[in-house]
Amino acid sequence: MGTFGIRKKITFKMNSGSIQSENFLDRESSLGVLLMLPGLILLLVFLAYPFFLGIWLSLTDTRIGMPGEFIGLWNYTDLLEDDIFHQTAWNTMIYAVVTVPFKALMGLGLALILNNKIRFSNPIRAFVMLPWIVPTALSSLGWFMIFDPVFSPISWLMIEMGLIESNVNFLGDQILAVTAICWVNIWRGIPFFGISILAGLQAVPPELHEQAAIDGANKFQRFVNVTLPQIKGILMITSLLSIIWTFADFQLIYVLTKGGPANQTHIFGTYAYQIGLFGTEIGMAAAITLYMFPILAFFSIFLLRYMRKTA
Amino acid sequence: MMVGSDKQKTLQIYIPLVVYTLLLLFPFYWMGVVSFKPTSDIFDLDLNPFWVQRFTLENYLYLFENTEFASWMWNTMVISIVSTALSIFCSICIGYALARLKFPGSDFMGIGIFLVYLVPPTLLFIPMAQVIGTLNLFNTHWALILTYPTQLIPFASWLLMGYFLTIPKEIEESALMDGCSRIQILIRIVLPLSVPGILSATIFCFTLCWNEFLYALIFMSSGDMKTIPVGTVSDLIKADTLFWGSLMASALLGSVPVAFIYSFFVKYYVSGLTASAVKG
């Protein structure tokens, strides 16, 4: 579908000349503005305004129920000296970026399998998408029990097999908890990478493979030299989207650890929630979320430039 | 392309496929198993936890009799449907305007709308809570109906703009010549030709509404106004995790509608999803 690029509009001189009727709704410029209005109003009131309000709040010492006063950049500088915030920033990086190669590799594996003629391929495709489709809060609850210190089936299995003596407290230890959270994040991302890469694989012309096979390339060489260059673009865009989305995640960690144990597994979203809605420090919380902005903007602009280049 | 015996095919394709399927679906299997067990069996750690020894529906009954699950379901449905309808209406308008009409700022709008798509709720929830408070919308459906579209309109507009661009301009031009107005063209010609695009945008919006968590958590604090994800996480865990059965039942029931809709329209959804991934 070659339709998603930003296409230059070609004006039809012949038409636009003769159709310029007196009717307000038929004039392109006025109709265009009118059609944009309903969506734009919603975006202005519930997106642009809160965004600037957030910037203002982050410069004040507002608390829930108490109007604040302008304090300049104090919230931002305070955070730079906050150990939990350092840990939070570090966690967010691991959570959003370090997980991407794992998602991409496992997604690639899935796509390569699904790209074959297999029986029941349609229901299988629908089923393997489930981790990506269903509400993350609810699937995370399933994992929450799978990682439970008492009822974990993983612990049960490992004890049965004689690997460990007693149950593992997956979410009670910092390293284990971060690993568990990242795993659930990877688990949820595999289908998205898988299906996107699959679409890329299916766009590879079979003749390319045939030609390479005739030239004596083996399977691995064909993969590296034919398939990989063809799906490079998709891999890049999918990875960037994945980073942008998981960077701003909330529910997965809220359900699994709420940032615990001892505030060691927070990411920006959950830490801002804790400071703002439990600690009632709205101004500080706004500053935490705004620390995300330059990083999100960086990845978004990178994504946009990349897409315009490939489109 | 796969040359080789059946045995080789089994080794290279079906075995990895089974491993993937087990890995990706295990949590759902686990939720199902726990939700159909009586509480006493869940707590009996000597039993094999991977299997249902005694089948029961008591956890599901508990959900409907002793919790607000039915209200959560109703809220989630109303909010998702109305918010989706609102978003699709706005997105059709924006998509058509961007695809076909030249107006002041139209070039810049396309990129602007796309960048907005990348502004996550996490960035806005603190000030948004104040806006909702000022408008007196806490614990009303409107709080979510009006805020979800900001997450949906950008992507849906892009998707629909792409579909509208595939419709040959000549059809619209000849209709214009015949004296149709732009609005008539949009309703009678463009929309019927864009049904697949509108369907995939609708499914996309609906699943996102159904799955949203952060805004729902903050704006809906009273028990009977919650959505399924928020109600399940905040009201069913409170009892110190004694109710694993009903907790898993609720998580599973709340996942069924999106899974169901998705499996029916998988073709449209995937094409929508990949349209964004392939060409952006």
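**Questions and answers on chains A and B**

Trainee: What distance separates the centres of domain 1 of chain B and domain 2 of chain B?
Mentor: This is a predicted model, in which local features need pLDDT of at least 70 and side-chain atom pairs count only at pLDDT 80 or more, while totals for chains, interfaces and linings use all residues. Residues are numbered from 1 along each chain as its sequence is written, and chains are lettered from A and ligands numbered from 1 in the order in which they are written. The domain bounds, from an automatic or database domain assignment, give domain 1 as 6–56 and domain 2 as 61–279. Taken over C-alpha atoms, their centres are separated by 32 Å.

Trainee: Which element gives the largest share of the side of domain 1 of chain B that touches domain 2 of chain B?
Mentor: Two residues are in contact if their C-beta atoms, placed from the backbone, lie within 7 Å. Domain 1 of chain B brings seven residues to the contact and domain 2 of chain B brings six. The largest share of the domain 1 side, four residues, comes from H1(B).

Trainee: At which residue does helix H1 of chain B have its kink?
Mentor: Helices (H or I, at least four residues) and strands (E, at least two) are DSSP runs numbered from the N terminus, and H1 of chain B covers residues 6–35. A bend is the angle between axes fitted to the seven residues ending at a residue and the seven starting there. The kink, of about 50°, comes shortly before the proline B:Pro27 and lies at B:Leu25.

Trainee: How much of chain A is buried?
Mentor: A residue is buried if 20 or more other C-beta atoms, placed from the backbone, lie within 10 Å of its own, exposed if 12 or fewer, and partly exposed in between. Of the 311 residues of chain A, the share that counts as buried is 43%.

Trainee: Why is chain A described as more spread out than a compact globule?
Mentor: Chain A has 14 helices and zero strands. The globule rule, 2.2 Å times the number of residues to the power 0.38, gives 19 Å for 311 residues. Chain A is more spread out because its radius of gyration, taken over C-alpha atoms, is well over that value, at 25 Å.

Trainee: Which helix of chain A gives the largest share of the side that touches chain B?
Mentor: The contact takes 92 residues from chain A and 87 residues from chain B. With 19 residues, the largest share of the chain A side comes from residues 28–58, helix H2 of chain A.
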